[in-house]
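I opened a fresh page for this chain and went through it from the whole fold down to single residues. My notes follow in the order I looked things up.

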Amino acid sequence: MVACWAPAAVEESLEHQRDDPEWSSNVVTVMMRRIPRHFTQQCLMREVIERGFEGLFDFLYLPWDLKKNQNVGYGFIRLALPRIALIFRDAFDGAHLGAGASGPKETPLRVHPASLQGYQANYHHFVNTKTGQKQDPLSSPLFFPGSGENALSTFQGPIQSARARM
């Protein structure tokens, strides 16, 4: 979405970064907290794309509790550049997911820097875990090789199945 790249939005995000010591200039991976428990990984991805971030992330993971059949309330997204991560934070921090949905209003989201930063750090972390080895688009971390605007279109993995369900 063109609005994400407006110079005023970038400048405002950079100003907010200077006021927030938690956000360093190299944050690209964020943790979203307070995600509604009924949201699936595909629902979260749809929300991110609909809000103008299609092709601007290359890793998305919403941990899933198989016993309770719901997410655990937090997720991770790796954005292509630090300035995009700031814009993402400004777009989602304090926002509500599925605002058009019926039912009681959900708790506002919180967006923070993740403890693991970058595509490679997340990939190497998950490649050796049972979660990462399942290759299940519903519950495994989703990696989109490359970054930038063509990241999603070049991926040939489980996301194709996830897109068909969206």
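**Contacts.** For this entry I count a contact when heavy atoms lie within 4.5 Å. The model is a predicted one, so I keep that in mind throughout. I asked what share of the contacts with a separation of 6 or more comes from residues 24 or more positions apart. I got 69% for the chain.

**Whole chain.** I counted seven helices and seven strands. Reading along the sequence, I noted the pattern α-β-α-β-β-β-β-α-β-α-α-β-α-α. The chain has 166 residues, and 44% of them count as buried. I also looked up the exposed surface: it comes to about 8,700 Å², with carbon and sulfur atoms supplying 53%.

**The sheet.** Next I traced the strand order. I found an open sheet of five strands, S6-S1-S5-S2-S7, with antiparallel pairing. Strands S6 (110–113) and S7 (142–143) are its edges, each pairing on one side only.

**Pairings, one by one.** I started with S1 and S5, which are antiparallel and joined by five bridges. There, Thr29 has Arg78 of S5 as its bridge partner. I then moved to S2 and S5, also antiparallel, with four bridges. Here I saw Tyr61 standing opposite Phe76 in S5. Last came S2 (residues 57–61) and S7, an antiparallel pair with two bridges. In that pair Leu60 faces Leu142 of S7.

**Cover on S5.** How many of the six residues in S5 are buried? I found five, so by the cut-off of under 20% relative accessible area this strand is mostly covered.

**Helix H2.** I wanted to know which strands H2 lies across. Helix H2 (residues 41–53) lies across S1 (29–33), S2, S5 (74–79) and S7, and runs at about 145° to S2.

I checked its length too. A straight helix of 13 residues would span 18 Å at 1.5 Å a residue, yet H2 spans only 15 Å between its end C-alpha atoms.

Then I listed the buried residues of H2: Gln41, Gln42, Leu44, Met45, Glu47, Val48, Ile49, Gly52 and Phe53. A reminder to myself: an α-helix has 3.6 residues a turn, so residues three or four places apart point the same way. With that in mind I reread the list, which includes Leu44, Val48 and Ile49.

**Just past H2.** My last stop was Gly55, which takes a positive phi of about 80° just after H2.

Key. Residues numbered from 1 in each chain as written. Predicted model: local features only at pLDDT ≥ 70, side-chain atom pairs only at ≥ 80, totals over all residues. Heavy atoms only, no water. Pairing = 2+ DSSP bridges. Axes fitted to C-alpha atoms, helices over the stretch in contact; angles between N-to-C directions. Expected span 1.5 Å × (residues − 1). Buried < 20%, exposed > 50% of the residue type's maximum accessible area, 1.4 Å probe, protein only. Areas by Shrake-Rupley, 256 points an atom, 1.4 Å probe, with all protein chains shown as cover.
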